[in-house]
Amino acid sequence: MLAPRLAAATAACGVWATAGAETTLNTSNGYNLPPGVTEMSRAIYDLHMEAFWICVVIAIVVFGAMIYSLVKFRHSQGAVPDTNLLHSTKVEIAWTIVPVIILVVMAIPAADLILKMEDMRSADLSIRVTGYQWKWQYQYMDAGEGIDFFSTLKQDSNFARQLHSGIDPASVPNYLLDVDHPLVIPSGTKVRVILTSQDVIHAWYVPDFGLKRAAVPGFINELWFKVDAGKEGIYRGQCAALCGRDHGFMPVVVDVRTPDDFKKWVDEQKAALKQASTPTTDAPRSAQVLN
Ligand SMILES: [Cu+2]
């Protein structure tokens with residue numbers, strides 16, 4: 001069953017090689033988390049910034065009070081220790097209640113976001129993703145039913161990574177971040193990923209989608225994302241769970257296309273599948289029997 005699918009996937013290589021812009025999109029500015037290109041990734045980024053600014057305000061208040069006290073009440077100015085503060089019930093109540101309020105203020109939007117992240121309902125496209133040492137398998141369901149292929153490290157990266165290869169990794173475009181067959185998905189569509197593993201624990205991770213989830217053998221995890229319309233392009237990630245010798249060599253590459261381009265791609269893949277499963281009439285009879 002798998003063999004014809006693999007053959008079809010191989011036959012369709014030409015489609016992959018020519019399709020998709022080769023520009024990599026990354027919304028990180030190098031200093032902060034990437035805001036990403038999905039509704040959820042932006043919400044996660046906003047939550048992160050909210051927590052960050054709360055921390056900045058707390059740091060200013062605490063360090064400000066500390067520095068002011070050190071300077072204003074220094075020994076050389078004749079300061080006398082205030083022994084009453086050590087047992088002030090009012091102060092102790094205040095420094096218990098204020099952090100609790102801050103934590104509740106942070107926890108409410110965080111809990112709301114986690115619930116949204118777990119809401120897998122009404123997905124338009126489902127894809128089964130299986131981790132292997134050291135590659136990913138993508139099996140489409142719904143509109144892409146039947147499309148099934150492996151995504152492995154691209155050959156130029158694979159050659160360059162070998163010991164004494166003599167190839168300068170800097171000369172390889174997207175070194176260790178490129179694959180032979182990327183996952184192709186439509187923009188503006190809710191995509192549900194059903195995630196598992198065939199051998200050890202892997203993790204499917206695309207920073208610009210705000211996603212990282214473990215692929216665990218014998219268990220099924222789910223995640224969903226909806227890439228904004230107009231944000232089509234190539235997005236890259238990596239396996240994010242230490243999964244053995246070649247853990248660093250199983251990147252995740254997602255090719256986001258417009259719904260129309262995605263439909264064309266699905267039709268091409270299905271045509272290739274059909275061609276691969278149709279026996280050729282001019283093959284020798286003995287070969288047909290053996291097959
Ligand atoms: Cu892995």
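Strands are DSSP runs of E with at least two residues, and helices are runs of H or I with at least four, both numbered from the N terminus. Two strands pair if DSSP finds at least two bridges between them.

The model is predicted: local features need pLDDT of at least 70, side-chain atom pairs count only at pLDDT 80 or more, and totals for chains, interfaces and linings use all residues. Residue numbers start from 1 along each chain as its sequence is written.

**Exercise 1.** State how strand 4 and strand 10 pair, and place them in their sheet.

Solution. Strand 10 covers residues 251–257 and pairs with strand 4 in the parallel sense, over four bridges. One residue pair shows the register: Leu183 has Val254 of strand 10 as its bridge partner. The sheet is open, has three strands in the order 4-10-9, and its pairing is mixed. Strand 4 (183–186) and strand 9 (233–238) each have a single partner strand, so they are the edges and one side of each lacks a neighbour in the sheet.

**Exercise 2.** Find which strands helix 6 touches.

Solution. Contact requires C-beta atoms, placed from the backbone, within 7 Å. Helix 6 (residues 259–277) packs on the sheet and touches strand 4 and strand 10.

**Exercise 3.** Identify the residues that touch the most other members of the largest nonpolar core.

Solution. Such a core joins buried Ala, Val, Leu, Ile, Met, Phe, Trp, Tyr and Cys residues through C-beta atoms within 7 Å; buried means 20 or more other C-beta atoms within 10 Å of the residue's own. The core has 38 residues, and Val193 and Val254 touch the most other members. Strand 10 gives the most to this core, four residues. Leaving out residues up to four places away in sequence, Val254 touches Pro182, Leu183, Ile185, Val206 and Tyr235.

Methods. Contact = placed C-beta atoms within 7 Å. Axes fitted to C-alpha atoms, helices over the stretch in contact; angles between N-to-C directions. Buried ≥ 20, exposed ≤ 12 C-beta atoms within 10 Å, placed from the backbone.
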